[in-house]
Amino acid sequence: MRVRKAGKVNERIWCLGREESCVYLLRGDDQSLLISGGTSYIIQDVLDQLSDFGLTLDRIHKCLILHAHFDHIGVFPYFKRKKPEIEILASARGWQILNMPKAITTINESSRRVAERMGAADVLDRYDLSWSLDLGGGTVHEGDRIDLGGVSVHIMETPGHSSCSISAYVPSLKVLFPSDGGGIPYLDTILPAPNSNFTRYQESLERLRTLDVDILCADHYGYILGEEARGYIALSAETAAERRKEMEEVYKRTGELDKAAKELTDAFFKEYTEYIISPDIMQAVFRQSLRHVASVLDEA
């Protein structure tokens with residue numbers, strides 16, 4: 001079952017933000033952790049929901065970045081500046097990206113373009129949400145545990161969607177936070193998201209499918225419960241294989257990355273007209289993913 005509304009997931013977890021962009025609060029006995037930062041324009045929604053659900057900023061001690069794309073780190077600058085003692089955690093590769101001036105410029109520009117697309121650009125003018133070099137933090141690696149008191153979050157490095165992608169798994173709750181590395185539960189389907197390296201993306205899905213999962217918390221379009229959650233990663237792996245075959249066929253026919261990316265983007269938005277990412281960004285995503293697929297084909 002898919003749930004796309006903010007609210008209480010279970011006794012430890014709350015889903016915050018909007019349907020298209022989710023942030024999760026995981027509450028331990030001693031500390032609470034914000035998992036994924038969503039898009040910047042959802043900050044007012046998140047603050048209102050924290051108040052409505054009786055959750056206070058005082059209990060939040062850490063923020064976990066599952067990967068460093070602009071639509072997954074958006075509200076964290078606000079929380080870090082509001083409460084400097086909050087520790088932001090990310091993979092080593094994530095911090096490498098977030099310390100690149102060019103990457104920071106792209107993050108901030110993309111955040112504003114998407115806010116404008118969603119009719120929420122005014123939010124960025126009311127809050128200090130820009131990413132900057134002063135927003136450092138701690139590093140997590142494969143096998144690390146984040147102890148919140150009564151709840152332990154296990155870190156898995158799951159690259160492929162991005163080079164810096166990680167997933168968070170809570171064995172005691174059978175909850176998985178795979179970010180886009182698990183595929184995106186859009187409408188009634190799963191959208192593959194192999195943005196940087198399709199092969200590594202598929203390998204990461206194979207690792208994730210071995211986990212015992214009752215709740216899957218996605219960064220876009222809500223969380224999934226019960227039987228669907230238990231079979232979600234396996235189905236995502238099948239969907240990814242189908243998408244890869246489609247991309248290979250388009251590339252073989254067109255013979256050019258740009259033409260193939262344009263054709264795939266046009267087909268995508270013909271079917272999914274209301275998707276959160278703008279066509280120009282999506283075309284760049286397709287091109288990046290195609291580059292890897294094409295290199296594998298060309299070597300064969």
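This is a short tour of a predicted model, with stops at a run of strands, a pair of helices and a group of aromatic rings.

**Stop 1: strand β4 and its neighbours**

Select residues 21-27, which make up strand β4. Six of its seven residues are buried, so the strand is mostly covered by the < 20% criterion for relative accessible area.

Add residues 13-18, strand β3. β3 and β4 run antiparallel and pair over six bridges. To check the register, pick Ile-13: its bridge partner in β4 is Leu-26. The link from β3 to β4 is a hairpin of two residues.

Now add residues 32-35, strand β5, on which β4 also pairs in the antiparallel sense, here over four bridges. Tyr-24 is a useful marker for this pairing, as its bridge partner in β5 is Ile-35. Four residues lie between β4 and β5 in the hairpin that they form.

When showing side chains, bear in mind that in a regular strand they alternate between the two faces of the sheet.

**Stop 2: helices α4 and α9**

Hide the strands and select residues 101-117 for helix α4 and residues 279-299 for helix α9. The two helices pack with their axes 10 Å apart, at an angle of about 130 degrees. An angle between 115 and 145 degrees counts as oblique, and α4 and α9 are therefore oblique to each other.

Show the side chains where they meet. From α4, take Ser-110, Arg-113, Val-114 and Arg-117; from α9, take Pro-279, Asp-280 and Ile-281. Three of the residues in this contact are nonpolar, one is polar and three are charged.

**Stop 3: aromatic rings**

Keep α9 and bring in helix α8, residues 257-271. The model has twelve aromatic pairs, counted with ring centres within 6.5 Å. One to zoom in on is Phe-268 with Phe-286. Their ring centres are 6.3 Å apart and their planes stand at 70 degrees, which makes the pair edge-to-face.

Phe-268 belongs to α8 and Phe-286 to α9, so this pair ties together parts that are 18 residues apart in sequence. Are these two rings buried or exposed? Phe-268 has 7% relative accessibility and counts as buried; Phe-286, at 6%, counts as buried too.

Finally, widen the selection to Tyr-186, Tyr-221, Phe-269, Tyr-272 and Tyr-275. Together with Phe-268 and Phe-286, these residues are linked by ring pairs into a cluster.

Notes:
Residues are numbered from 1 along each chain as its sequence is written. This is a predicted model: local features need pLDDT of at least 70, side-chain atom pairs count only at pLDDT 80 or more; totals for chains, interfaces and linings use all residues. Side-chain values use heavy atoms; hydrogens and water are left out. Buried means under 20% relative accessible area, exposed over 50%, partly exposed in between (1.4 Å probe, protein chains only). Two strands pair if DSSP finds at least two bridges between them. Axes are lines fitted to C-alpha atoms, for helices over the stretch in contact, and angles run from 0 to 180 degrees between N-to-C directions. Angles under 35 degrees count as roughly parallel, over 145 as roughly antiparallel, 65 to 115 as roughly perpendicular and the rest as oblique. Contact means heavy atoms within 4.5 Å. Ala, Val, Leu, Ile, Met, Phe, Trp, Tyr, Cys and Pro count as nonpolar, Asp, Glu, Lys and Arg as charged, and the others, Gly among them, as polar. Rings of Phe, Tyr and Trp (its six-membered ring) pair if their centres lie within 6.5 Å; planes under 30 degrees apart count as stacked, over 60 as edge-to-face and the rest as tilted.
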